[in-house]
Amino acid sequence: MLTATGLCKTYNTPQGPLQVFSNLNLTLLQGESLALMGESGCGKSTLLQLLAGLEQADAGSIQLAGQQLLQLNDHQRALFRRQHLGIVFQQLNLIPSLNVKDNLAFQARIAGNHDLTWQQTLIQRLELGRLTDRYPHQLSGGQQQRVAIGRALAVKPAVILADEPTGSLDERTGDVVMTLFLELVRDSGASLLMVTHSNRLAGLLDRRLTLHNGQLQ
Ligand SMILES: Nc1ncnc2c1ncn2[C@@H]1O[C@H](COP(=O)(O)OP(=O)(O)OP(=O)(O)O)[C@@H](O)[C@H]1O
């Protein structure tokens, strides 16, 4: 479902080139959930950015939902991302001027695959029913996180990329949101790649890999 081969990425920094990885390979099977671990600064977020097509790899190939991502131009990549990828990063990027219901539907609508029944299922399962008319600034952190999860799932993506999706929440709220998230991901049949620093959360997924010195182990 997702295959990355020979990925290379070097950032130019004021101190000179910083090589994050030079020949990284990764396979994520359909419906599989994979925890991506590793110490701070090892390149986990960079890898997610490359897989999401938000950052360009220097070399290598990324095949996702039957498409070679690196062969697409910026516009095609943005369209592809909307249709096939669910993204839950630390910055939730909810749209401040849209209420909960419209935030949830926004990506699915522009991707042309808005499914009202699925949206209502998500609203119910994420317990957002009484909040649909509220705006992001009127929600708690946990509620905003549930909207971001709903938005990612609303497009029925092939792959979900999540970067510490409950990292900003207290442990109890985080656990509730994480349980819901993993249940919904499993029910949707999507593959999941999730960055986490928590062994406990990694243990809830099918498999884990650690990024160290630019390699996955
Ligand atoms: N845009 C950028 N320009 C230059 N260097 C960058 C850029 N983004 C990240 N880096 C550097 O690349 C390395 C990998 O960063 P990245 O954010 O991918 O790490 P991470 O494993 O996600 O870290 P953390 O667990 O702390 O979030 C770090 O040394 C970071 O300083």
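For counting side chains here, Ala, Val, Leu, Ile, Met, Phe, Trp, Tyr, Cys and Pro are nonpolar, Asp, Glu, Lys and Arg are charged, and the others, Gly among them, are polar. Keep that in mind for the first stop. One more thing before you click: this is a predicted model.

**Stop 1: confidence colouring**

Colour the protein by pLDDT. The mean is 93, and 100% of the residues reach 70 or more. Now pick out two elements: helix α2 (residues 74–84) has the lowest mean pLDDT of the elements, 89, while strand β3 (residues 33–37) has the highest, 98. For the model as a whole, the scores are ipTM 0.97 and pTM 0.93.

**Stop 2: around the ligand**

Centre on the ligand and select the residues that surround it: Tyr11, Thr13, Leu18, Val20, Gly38, Ser40, Gly41, Cys42, Gly43, Lys44, Ser45 and Thr46. Which elements give two or more residues to this shell? They are β1 (2–13), β2 (16–28) and α1 (44–51). Show α1 on its own for a moment, since the largest share of the shell, three residues, comes from α1. Then colour the shell by class, and you should get four nonpolar, seven polar and one charged residues.

**Stop 3: the six-stranded sheet**

Hide the side chains and switch to cartoon. Six strands make an open sheet, and if you walk across it the order is β6-β7-β8-β3-β9-β10, with mixed pairing. Select the two ends next. β6 (85–88) and β10 (215–216) are the edge strands; each has a single partner strand, so one side of each is left without a neighbour in the sheet.

Stay at the β10 end. Strand β9 (residues 207–212) runs antiparallel to β10, and two bridges join them. Click Leu211 and look across: Leu216 in β10 stands opposite.

**Stop 4: β1, β4 and β5**

Now bring up β1 together with β4 (59–64). These two run antiparallel and are joined by five bridges. As a landmark, select Ala4, whose bridge partner in β4 is Ile62.

From β4, carry on into β5 (67–68). β4 and β5 also pair in the antiparallel sense, over two bridges, and Gln63 has Gln68 in β5 as its bridge partner. The hairpin these strands make has two residues between the strands, and in it Ala65 takes a positive phi near 50°.

**Stop 5: unusual backbone angles**

Keep Ala65 selected. Most residues other than glycine have a negative phi. Ala65 goes the other way, with a positive phi of about 50° although it is not a glycine. Is Ala65 buried, exposed or partly exposed? With 16 C-beta neighbours inside 10 Å, Ala65 counts as partly exposed.

Jump to Glu127 for another case: its phi is positive too, about 55°, and it is not a glycine either. You'll find Glu127 in the loop between α4 (116–125) and α5. Glu127 has 12 C-beta neighbours inside 10 Å, so it counts as exposed.

**Stop 6: Ala158**

Select Ala158, in the loop between α5 and β7 (159–163). Ala158 is buried because it has 22 other C-beta atoms within 10 Å, and a residue counts as buried at 20 or more. Which residues does Ala158 contact, leaving aside neighbours within four places in sequence? Met1, Ala65, His84, Ala190 and Ser191. That puts Ala65 from the hairpin back on your screen. For a distance check, draw a line from the C-alpha atom of Ala158 to that of Phe21: they are 137 residues apart along the chain and separated by 25 Å.

**Stop 7: the nonpolar core**

The largest nonpolar core has 55 residues, and the ones touching the most other members are Leu36, Leu51, Val159, Ile160, Leu161 and Leu192. Helix α5 (residues 141–154) gives the most to this core, with six residues. Zoom in on Ile160: not counting residues up to four places away in sequence, it touches Gly86, Val88, Ala152, Val185, Ala190 and Leu192.

**Stop 8: helix α3**

Finish on helix α3 (residues 100–111) and select its buried residues, Val100, Asn103, Leu104, Ala105, Gln107 and Ala108. Turn on the surrounding helices to see what they pack against: α2, α4 and α5. Last click: Gly112, just after α3, takes a positive phi of about 75°.

Methods. Residues numbered from 1 in each chain as written. Predicted model: local features only at pLDDT ≥ 70, side-chain atom pairs only at ≥ 80, totals over all residues. Core = buried A, V, L, I, M, F, W, Y, C linked by C-beta atoms within 7 Å. Helix = DSSP H or I, 4+ residues; strand = E, 2+ residues; numbered from the N terminus. Contact = placed C-beta atoms within 7 Å. Near = placed C-beta within 6 Å. Pairing = 2+ DSSP bridges. pLDDT = per-residue confidence, 0-100.
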